[in-house]
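Student: I am new to this structure and would like a close look at one part of it. Could you walk me through the place where the two chains meet?

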There are 2 protein chains.
Amino acid sequence: MRKTLLAATAVAVAAFSSSALAEKYTLRLAETWGPNSPILGETTKHFEDMVEKMSAGRIDVRIDSANKHKAPFGIFDMVRNGQYDMGHTASYYYKGSIPNAMYFTTVPFGMLAPEQYAWFYYGGGMELMQKVYEPFGLLSFPGGNTGNQMGGWFNKEINSLEDLKGLKMRTPGFAGEVMAELGVSVTNLPPGELYTALDRGTIDALEWVAPALDFPMGFHQIAKYYYSGWQEPGAEVQFLINQKTWNKLPEDLQEILRVAMRTAAYDMYAKSTNDSADAWNRMQKDYPEVTHKVFPPEVIEALRETTHRLLEEEAEKDPLAREIITSIREYLAGVRKWTNISDKAYLNSVADQ
Amino acid sequence: MRKTLLAATAVAVAAFSSSALAEKYTLRLAETWGPNSPILGETTKHFEDMVEKMSAGRIDVRIDSANKHKAPFGIFDMVRNGQYDMGHTASYYYKGSIPNAMYFTTVPFGMLAPEQYAWFYYGGGMELMQKVYEPFGLLSFPGGNTGNQMGGWFNKEINSLEDLKGLKMRTPGFAGEVMAELGVSVTNLPPGELYTALDRGTIDALEWVAPALDFPMGFHQIAKYYYSGWQEPGAEVQFLINQKTWNKLPEDLQEILRVAMRTAAYDMYAKSTNDSADAWNRMQKDYPEVTHKVFPPEVIEALRETTHRLLEEEAEKDPLAREIITSIREYLAGVRKWTNISDKAYLNSVADQ
């Protein structure tokens, strides 16, 4: 009996493979990043590689960088309307079209990357993110973390709230809104103009990412104060997939995509950690005049209070915003107590400095 | 021309699928853990689930827990001799058979989980781990992180080195050797006897894991001082695979296994973070007499000095041990500088406390 059953199974599998399993799919992916973008662009290539190998070529991922599609901040729309099957971008670029997506990239004074992954996968974050994207016919998944972002490059020390008043700074998004409330003259400039603007004094300060991506931009050659951040403690980018594309795929390929996105995201965090460590060590060695600083308590407190006030304003406007902000606040309160007796206690009292 | 080429490709794919792709494989996996072990056992089940879905059933993973194979610390041998195809265990359990494997679980005063993943995947750690396991016909991969482990439960405060002398403590492995050098009377007891031994005063202290796994053991009902750790800042368990099993698999299934192990490992770290946060918050609420403590500087310094001395002794015995210890030391020195200006600065000066 047993042998017959096994033989029958084998035949069924072979028949299945030669029809459904052998079908090939092309997935067109648009990314916000330019071609060969370090860390971010490596993540989509890494995803492509895993998917093509795991599916034995049944999925062909074709990546278009921003130089091709010309719409770095149009990813949400292009995937939504089916122009692309997938996107790799950051939720908080779409504050205008889909304001509640913002919270899934990062929140000022929020979670570190490991805390945030715990929230996404075991604390209800994924379900909330899907609730936000579902009405647009999209699935969304974590797409990689930059790690803790720095507060930015300043050409003078910030010793008080007074020092922020009138300061011309490039800092976009929600953090920019908070800074503006404290009297900072917030501007946004395209990445390609930042170095020159800082060099010529058109701006006094700017916030970019972290050493891994800041170092190639050369800001350390101009501004010597490098501040720790408050605004993006663990910035997660996102994969978006058109729901109709997803529904066409057999279950095994859906799982291959899901797991490849998950691994690509985690790996981006590990790569960011590696590259920022490497870049910061090189900066310290080759540019000893670069000085690490932390904002003084009165600046931090003003930023914190303003952040909480603006978040409360968002929550009052929309029940779903309230639900997301509450989930993040409550999860953070719990997980941070654990971080404090583990990693924080270790870094402060135990670790080699 | 184009159409003909596409048609030919489709035929080739179908033919390939009905032969190589349709073949089924059973992978027998032995784990160190008992049945339904929280976090650790969830990791192998999660791995099994991903592999079976991604391979559309072409791989059948069969997990034997310790109650079945009766050899929780024999995983290395059973996978090596082909009794099992795979194992899920911790490298540092095999100090006797394969001493250099120890460093791939954790090192006292070493890296936090995100730093260690960066080292494994982008800092040469994987290559060194493979160098250690290769002579035994094994492949090894990170298998999940518990997060930062606590220093243990103590029934009295440790205020000086003097307080450690003669203290009866359950703490196994390398950390136990370090503790013994400071005059601690180190014992090892099976997990099932720990609660009673602590309750009856047979031991004065014990080190287990972190709140997620400590809470179910009930130690907080007996000992009220819960110390932050120094000995396992990011303990990674391992997947082992027999090289001959691996070689029999087609490339797509190898990649499916590789990626599923990688995701299962990262997910275990996220799950540990979530569950330890949850358990620590419940303990604080229901057992307000439980007090978090940090060892005083003189104890930390003695532990650090002893750790470095014992590691140096290992390095002197064996060039490969020297290579691994040096790689860890150098990587840690670089990456910790980055952690200090990012997560540490954030936790100390910015974050809600």
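Tutor: Happily; what follows is a tour of the interface, beginning with some ground rules.

This is a predicted model, in which local features need pLDDT of at least 70 and side-chain atom pairs count only at pLDDT 80 or more, while totals for chains, interfaces and linings use all residues. Residues are numbered from 1 along each chain as its sequence is written, chains are lettered from A and ligands numbered from 1 in the order in which they are written, and side-chain values use heavy atoms, with hydrogens and water left out.

Let us start with the overall picture. In chain B, 75 residues are in contact with 75 residues of chain A, where contact means heavy atoms within 4.5 Å. About 6800 Å² is buried between the two chains, and carbon and sulfur atoms give 63% of that area. Buried area here is the accessible area (1.4 Å probe) that two parts lose on being put together, summed over both.

Next come the polar links. Between chain B and chain A there are 20 residue pairs in polar contact, both residues being at pLDDT 80 or more. A polar contact is a pair of N or O atoms within 3.5 Å; within protein, one must be able to donate a hydrogen and the other to accept it, and residues adjacent in sequence count only if both atoms are side-chain atoms. On the side of chain B that touches chain A, helices H1, H2, H5, H11, H12 and H13 of chain B each supply at least two residues. Helices (H or I, at least four residues) and strands (E, at least two) are DSSP runs, numbered from the N terminus. H11(B) gives the largest share of that side, 19 residues. By class, the side has 37 nonpolar, 23 polar and 15 charged residues. Ala, Val, Leu, Ile, Met, Phe, Trp, Tyr, Cys and Pro count as nonpolar, Asp, Glu, Lys and Arg as charged, and the others, Gly among them, as polar.

Now zoom in on H11(B), residues 251-286. Helix H5 of chain A (residues 113-122) packs against H11(B) at about 90°, with the axes 8 Å apart. That makes H5(A) roughly perpendicular to H11(B), a label for angles of 65 to 115 degrees. Axes are lines fitted to C-alpha atoms, for helices over the stretch in contact, and angles run from 0 to 180 degrees between N-to-C directions. Among the residues making this contact are Tyr117(A) and Tyr121(A) of H5(A), and Asp267(B) and Tyr269(B) of H11(B). The contact has seven nonpolar, two polar and three charged residues.

Asp267(B) also forms a salt bridge with Arg262(A), their closest N and O atoms being 3.0 Å apart. A salt bridge is a side-chain nitrogen of Lys or Arg within 4 Å of a carboxyl oxygen of Asp or Glu. Across the interface the rule finds two salt bridges.

H11(B) meets helix H13 of chain A (residues 319-349) as well, their axes coming within 8 Å and crossing at roughly 95°. H13(A) and H11(B) are therefore roughly perpendicular to each other. Here Trp338(A) and Ile341(A) are among the H13(A) residues, and Tyr269(B) and Trp280(B) are among those of H11(B). This contact divides into seven nonpolar, six polar and two charged residues.

Key:
Parallel < 35°, antiparallel > 145°, perpendicular 65-115°, else oblique.
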